[in-house]
Amino acid sequence: MKNKILILIFALLSLFIWKCADEPPLVSETPVEEEVLNKTIGEVTPILSLAPGNSTEGIAIDLRGNMYVSNTRGENRSINEILKFTNNGNWEVYATLPGAGQVRGLVADLFGNIYAAFADNPEMKGVYRIGHSRIPVRLKGSEEIGSPNSLTFDWKGNLYATDSYKGLELEGAVWCYNARDRKFNILIKDKLLNGALDPAFGKIPGANGIAFYPPNKLYIANTSQGLICQVTIGKNRNHPIIELVKQDPLLTTIDGIAVDIYENIYGVLPGCTLGFGLPPVVKLDTRSGIVTPIVLDNSLFDTPTSLAFGRGWGNWTSIYIANANLPYGQPPQAGTGVVKVSVGIFGLGKNAE
């Protein structure tokens, strides 16, 4: 009996140690630990490579560590699908969206549902929820979004979507879907969210990447204006306040963003492979306003568009980046796929999207 009790105590102790190891430290415990992390910051590892003709735009990682990537392929972008990659390296077509267009940002909720922003299809555009049946269902009100792009959840389960441009004025906006209304409504419109028209590239997205930071902040990247702004969400989402956080040459063409536990923002720059002389990945310290390149070498990137913090042991301090391989007349680059970049800090995704 005594042996059984000792075995039980040992098992519980082991479980406790394992559980603690899985929780993120809020600060580095020792200088040695910081030194080890710093040595790997900026390290880039290829994770996935897809054949020419594919374009991986969005990326999301669920609570179990499964990675989902949005992929557009086929003549005239006729096929839009969600690919699912498991921890063992296998992958499959998880779902297919209706018709031609461009499937963009992805996000996963706490129940394993996947949400996808679908654009450039006047009849079928919107935000789709893909449950365990794998059948895409368009959320009410999202058909009114001009150009759905990126998605994020707050800690209350409200879903937010960026609208990159709408109408002749290319007005940008942020929309919100909550469980009570069960419909997308505009949260805020502002000039800081507007897109632009470029003679060479056509319509340039305004509001693009979006990330939530508790208790009530949304950070939004504007691609055409090269800036990051902040929306403070009011009570019951009333009277939101928008303000500029940073506009900087190092944010030129910024697309997807993600935030860590210290409120640093990481962004990817598609222009890094378009001859603009930009780094592929940057970090914005929201307290000091300093923008720092995380990676300088763009050889493993190809118009990166989206990123998400990893989950699971060894992945919490890394971001996964989708290379969309969008064709703008540039020479061949790294190609379509996903790369992993170490940043040395836990992502907020440990606790929320």
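**Close-up views of a predicted model**

**View 1. Leu110 is found in the loop between strand S6 (102–108) and strand S7 (114–119).** Strands here are DSSP runs of E with at least two residues, numbered from the N terminus. This is a predicted model, in which local features need pLDDT of at least 70, side-chain atom pairs count only at pLDDT 80 or more, and totals for chains, interfaces and linings use all residues. Residues are numbered from 1 along each chain as its sequence is written, while side-chain values use heavy atoms and leave out hydrogens and water. Together with Leu63 and Phe111, Leu110 forms a nonpolar patch on the surface, with about 380 Å² of accessible area for the three together. Such areas come from the Shrake-Rupley method with a 1.4 Å probe, and for residues only the protein chains shown count as cover. A patch takes residues with over 30% relative accessible area and no salt bridge, joining nonpolar side chains (Val, Leu, Ile, Met, Phe, Trp, Tyr) within 5 Å and like charges within 9 Å. A salt bridge, in turn, is a side-chain nitrogen of Lys or Arg within 4 Å of a carboxyl oxygen of Asp or Glu. Leu110 counts as exposed, at 63% relative accessibility; the cut-offs are over 50% for exposed, under 20% for buried, and partly exposed in between (1.4 Å probe, protein chains only).

**View 2. Tyr115 and Phe153 make an edge-to-face aromatic pair.** Nine aromatic pairs are counted, where rings of Phe, Tyr and Trp (its six-membered ring) pair if their centres lie within 6.5 Å, with planes under 30 degrees apart called stacked, over 60 edge-to-face and the rest tilted. For Tyr115 and Phe153 the values are 5.2 Å centre to centre and 80° between the planes. Tyr115 belongs to strand S7 and Phe153 to strand S10 (residues 148–153), so their pair ties together parts that are 38 residues apart in sequence. Both partners are covered: Tyr115 is buried at 7% relative accessibility, and Phe153 is buried at 10%. Another pair to look at is Tyr177 with Phe184, whose ring centres are 5.3 Å apart and whose planes stand at 50°, so this pair is tilted. Here too Tyr177 is buried, at 12%, as is Phe184, at 1%. Elsewhere, Phe201, Phe276 and Tyr328 form one aromatic cluster.

**View 3. S10 and S11 form a hairpin with five residues between the strands.** The two strands pair in the antiparallel sense over four bridges; pairing asks for at least two DSSP bridges between two strands. Phe153, already met in the aromatic pair with Tyr115, has Leu159 of S11 as its bridge partner. S10 is mostly covered, with six of its six residues buried. Within the hairpin, Gly157 takes a positive phi near 90°.

**View 4. Strands S2-S3-S4-S5, in that order, build an open sheet with antiparallel pairing.** At the edges stand strand S2 (55–61) and strand S5 (91–96), each with a single partner strand, so one side of each has no neighbour in the sheet. The twist averages 30° from one strand to the next, with axes taken as lines fitted to C-alpha atoms (for helices over the stretch in contact) and angles running from 0 to 180 degrees between N-to-C directions. Strand S3 (residues 67–73) and strand S4 (residues 79–85) run antiparallel and are joined by seven bridges. Follow Ser70 across to S4 and you reach its bridge partner, Ile82.

**View 5. A second view of a sheet shows four strands in the order S20-S21-S22-S23, open and with antiparallel pairing.** Strand S20 (257–259) and strand S23 (291–295) are at the edges with a single partner strand each, so one side of each is left without a neighbour. Neighbouring strands are turned by 25° against each other on average, direction ignored. Four bridges link S22 (residues 281–284) to S23, and the two run antiparallel. Val282 has Pro293 in S23 as its bridge partner.

**View 6. Some loops carry backbone angles worth a closer look.** Most residues other than glycine have a negative phi, and most peptide bonds are trans. Leu170, in the loop between strand S11 (159–163) and strand S12 (173–177), has a positive phi near 55° and is buried at 8% relative accessibility. Asn325 also has a positive phi, about 50°, and lies in the loop between strand S25 (318–323) and strand S26 (337–342); Asn325 is partly exposed at 26%. The peptide bond from Pro214 to Pro215 is cis, with omega near 5°, and Pro215 sits in the loop between strand S16 (207–213) and strand S17 (217–222).
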